[in-house]
Amino acid sequence: MAYRLGVDVGGTFTDLLLLDEQSGAFWRHKTLSTPHDSSEGILTGVEAVCATAGIAPGAVRTFLHGTTVATNAMLEGKGARVGLVTTEGYRQILQIARSYVPGGLAGWIVWPKPEPLAALEDTVEVRGRMDAQGDEVRPVDDTDIRAGLEKLKAQGVTALTVSLINAYLNGAHERRVAEIAREVMPDIPISLSHEVLPEMQEYERTLTTVANAAVRPVVGRYVHNLRGRLRDAGVAGTLSLLRSDGGLMSSEKAEEHPVSLLMSGPAGGVTGALWVGRHAGLNNILTLDVGGTSTDVALIENLEPRRVRTTEVGHLSVRASSLDVKTVGAGGGSIAYVPELTGALRVGPQSAGAAPGPVAYGRGGTLPTVTDANVVLGYLPEALLGGTFKLDRDGARAAVQTIADALGIGLFEAARGIIDIVNENMFGALRMISVQQGYDPRDFALMGFGGAGPLHVNAVARLMGSWPAVAPVSPGVLCALGDATTRMRTETARSFSRRFADTQEAEVLALLDEMAAQTRAELTAEGIDDAAVTSLFEIDVRYEGQAFEVPLAIDADTLRRDGLAGITRRFDEEHRRLFTFNMDTAHELVNLRAVAMGPPLALPAPEIPAGDGNPSAAKLRDHELWMDGRAQPAVIYDRARLRAGDVIPGPAIIVELDSTTLIETGHAGRVDHVGNILINPA
């Protein structure tokens with residue numbers, strides 16, 4: 001028997017999903033995260049889920065993991081002290097940066113310019129230069145390089161970045177600096193810009209490579225420790241990590257290229273939603289991943305998630321492929337408060353996290369949260385995690401009463417106010433990835449997952465007009481399901497700055513073939529059969545004179561059939577959709593990218609027994625909850641006992657091990673053939 005184990009570490013809970021690759025049977029488990037050392041919570045969960053399935057940890061052949069270690073290191077400023085080697089005359093490249101200032105009009109007046117990841121005192125210049133064609137203009141000087149590296153070593157840098165002018169065309173000078181660096185500082189990880197990001201635009205290439213160097217020691221330690229602890233626990237299979245773009249990479253590659261992990265955590269939910277959508281017949285999906293600390297939203301069109309070429313973490317915009325996920329500080333642990341200055345209710349982005357957590361968790365929390373409001377309203381009526389996690393209802397009421405007193409309103413009105421505000425925050429994030437990108441949300445289903453997603457998905461779908469609202473199977477561990485069901489992926493890029501009129505199709509095809517061979521070789525080195533590898537391509541196009549390009553996915557056959565003219569037509573269509581206009585200027589081909597993907601997991605979604613449409617066999621008890629400004633009778637159902645075709649009229653609550661689904665008044669949920677709950681207006 002072969003088993004795959006998907007593990008997703010969130011701010012509050014660590015989710016695990018164990019899959020039997022032959023039968024499709026699965027076991028799930030949630031355990032509290034251990035922020036001081038994530039591997040502790042992971043090992044606790046591994047032992048528990050394997051015990052539930054009745055297998056030894058050694059039976060796990062593939063361990064797949066989405067992690068926020070790289071993200072947190074960047075956000076918390078806990079990355080390495082990075083030394084930067086640049087070309088003579090480019091020492092201030094990170095200080096000059098891009099002249100883009102966030103915020104509205106006059107935002108620059110109050111914008112504190114962020115500290116670069118590599119300080120000016122830790123930046124050295126070296127002589128030597130390549131021209132814009134990649135030809136050597138002036139050779140590097142070994143003595144000069146050694147002097148600069150000795151200075152950085154004396155200053156105590158713990159990671160090194162080498163980013164030289166035009167190195168994306170010819171990396172010979174960077175490789176020479178690295179050879180000397182391995183002699184001068186043999187224990188320090190080295191990141192070379194022509195390996196991390198072989199694209200033009202010196203600032204983006206340098207920033208991305210510095211970001212890679214900053215998180216390398218942190219990610220390296222984490223991955224090395226986790227691998228060791230898994231081995232000690234008897235897990236002898238391969239360890240792979242989820243990339244920001246929704247693919248997998250080996251743990252060894254992750255140690256060298258951690259910049260590809262910056263959006264690893266949120267990517268798991270999108271890949272899980274893809275798997276659910278494929279089996280439920282849903283092609284267009286908006287995802288609503290509500291955790292304890294934050295909510296992540298993304299858009300999937302025709303079962304293809306939107307990808308972007310920049311990963312934004314805090315104030316940094318790093319050039320690395322990632323799924324287009326937007327995050328808002330709204331989750332089950334988001335804290336509600338009433339500022340004295342305005343006297344108006346606010347929710348988040350501050351969170352109670354895993355420790356102490358919401359008051360209802362009984363772990364020392366004192367501040368009212370979204371979870372506490374859900375408890376007060378009766379939307380969370382049962383103990384969590386199958387009865388093992390008791391809720392402190394009196395504590396939740398007392399906490400929310402402080403908000404009611406501050407606002408001078410009743411307890412239930414205050415609790416519902418907290419829920420309405422957090423729903424509006426989620427609605428705002430969803431508009432950013434749909435309406436603001438030229439998509440009509442009414443053409444999409446809304447899928448709610450994460451521990452609290454199914455509690456809010458009905459209300460948010462009502463705001464969006466996105467139907468059906470979907471509570472997928474195992475919504476609380478869907479990110480772990482995404483980790484477990486995605487496939488290996490790698491990519492490479494090359495700058496190709498030329499007008500279409502001056503470009504030959506044969507030259508583009510030859511370059512794409514060469515890049516495809518390189519990426520395929522990386523996957524075959526991981527033990528994947530070459531015949532099972534799929535190659536895809538992306539081409540970045542812009543109007544001549546523009547500073548921003550639009551990425552277009554393409555395959556070699558389409559390029560041969562439609563030619564470069566077909567690409568320009570597609571670009572014009574996409575540009576009009578994004579920006580509502582086209583230009584008469586020439587088209588410019590900016591970058592080429594080749595993507596190689598391993599085989600997909602041919603895992604069926606197990607069908608559930610068919611029912612007669614009446615969910616009464618799954619009824620646990622009658623219940624009262626607060627909705628639409630009054631107390632209302634509702635029914636609580638056990639999700640494990642629902643059958644395909646069952647129709648559940650609202651208001652109703654459906655409980656399961658890892659999540660709780662709320663169906664509102666005037667709506668009804670229907671159970672599909674694989675167990676998803678599809679909610680529509682009655």
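In this predicted model, in which local features need pLDDT of at least 70, side-chain atom pairs count only at pLDDT 80 or more, and totals for chains, interfaces and linings use all residues, the axes of helix α10 (residues 370-377) and helix α11 come within 9 Å and cross at roughly 110°. Residues are numbered from 1 along each chain as its sequence is written, and side-chain values use heavy atoms, with hydrogens and water left out. Helices (H or I, at least four residues) and strands (E, at least two) are DSSP runs, numbered from the N terminus. The axes are lines fitted to C-alpha atoms, for helices over the stretch in contact, and the angles run from 0 to 180 degrees between N-to-C directions. Helices α10 and α11 are therefore roughly perpendicular to each other, a term for angles of 65 to 115 degrees; angles under 35 count as roughly parallel, over 145 as roughly antiparallel and the rest as oblique. On the α10 side, D372, A373, V375 and V376 meet R393, A396, R397 and V400 of α11, where contact means heavy atoms within 4.5 Å. The residues of this contact divide into 5 nonpolar, no polar and 3 charged. Here Ala, Val, Leu, Ile, Met, Phe, Trp, Tyr, Cys and Pro count as nonpolar, Asp, Glu, Lys and Arg as charged, and the others, Gly among them, as polar.

Helix α11 (residues 393-407) also packs against helix α12 (residues 411-433), at an angle of about 90° and with the axes 8 Å apart. That makes α11 roughly perpendicular to α12. The contact brings R397, V400, Q401, I403 and A404 of α11 to L411, A414, A415 and I418 of α12, and its residues divide into 7 nonpolar, 1 polar and 1 charged. Two residues of α11, R397 and V400, thus appear in the contact with α10 and again in the contact with α12.

Helix α9 (residues 264-280) can be followed from end to end. Its 17 residues reach 25 Å from the first C-alpha to the last, close to the 24 Å expected at 1.5 Å a residue; the expected span is 1.5 Å times one less than the number of residues. Helix α9 is mostly covered, with 15 of its 17 residues buried. In these terms, buried means under 20% relative accessible area, exposed over 50%, and partly exposed in between (1.4 Å probe, protein chains only). After α9 comes G281, whose phi is positive, near 75°.

Attention now turns to charged side chains. A salt bridge is a side-chain nitrogen of Lys or Arg within 4 Å of a carboxyl oxygen of Asp or Glu, and by this rule the count comes to 45. One of them joins the side chains of R593 and E199, at 3.4 Å from N to O. This pair links distant parts of the chain, 394 residues apart: R593 lies in strand β28 (residues 587-597), and E199 in the loop between α6 (193-196) and α7 (202-232). Both R593 and E199 are buried. R593 also meets E538 in a salt bridge, at 2.9 Å from N to O. Here too distant parts of the chain are linked, with E538 in strand β26 (residues 534-543) and R593 in strand β28, 55 residues apart. E538 is buried, as is R593.

Another salt bridge pairs E574 with R577, the closest N and O atoms being 3.0 Å apart. Both residues lie in helix α16 (residues 556-579), 3 residues apart, about one turn of the helix. In a wider arrangement, salt bridges that share partners join E199, R309, R319, E491, E538, D540 and R593 into one network. As for the helical pair, E574 is partly exposed, with a relative accessible area of 22%, and R577 is partly exposed as well, at 24%.

A few backbone features complete the description. A cis peptide bond joins G348 and P349, with omega about 0°, and P349 lies in strand β22 (residues 346-351). The peptide bond from G650 to P651 is also cis, with omega near 0°; P651 is found in the loop between β31 (647-649) and β32 (652-655). Positive phi values occur in residues other than glycine at Q201, near 85°, and at T580, about 70°. Q201 is placed in the loop between α6 and α7. T580 lies in the loop between α16 and β28 and, at 62% relative accessibility, counts as exposed.
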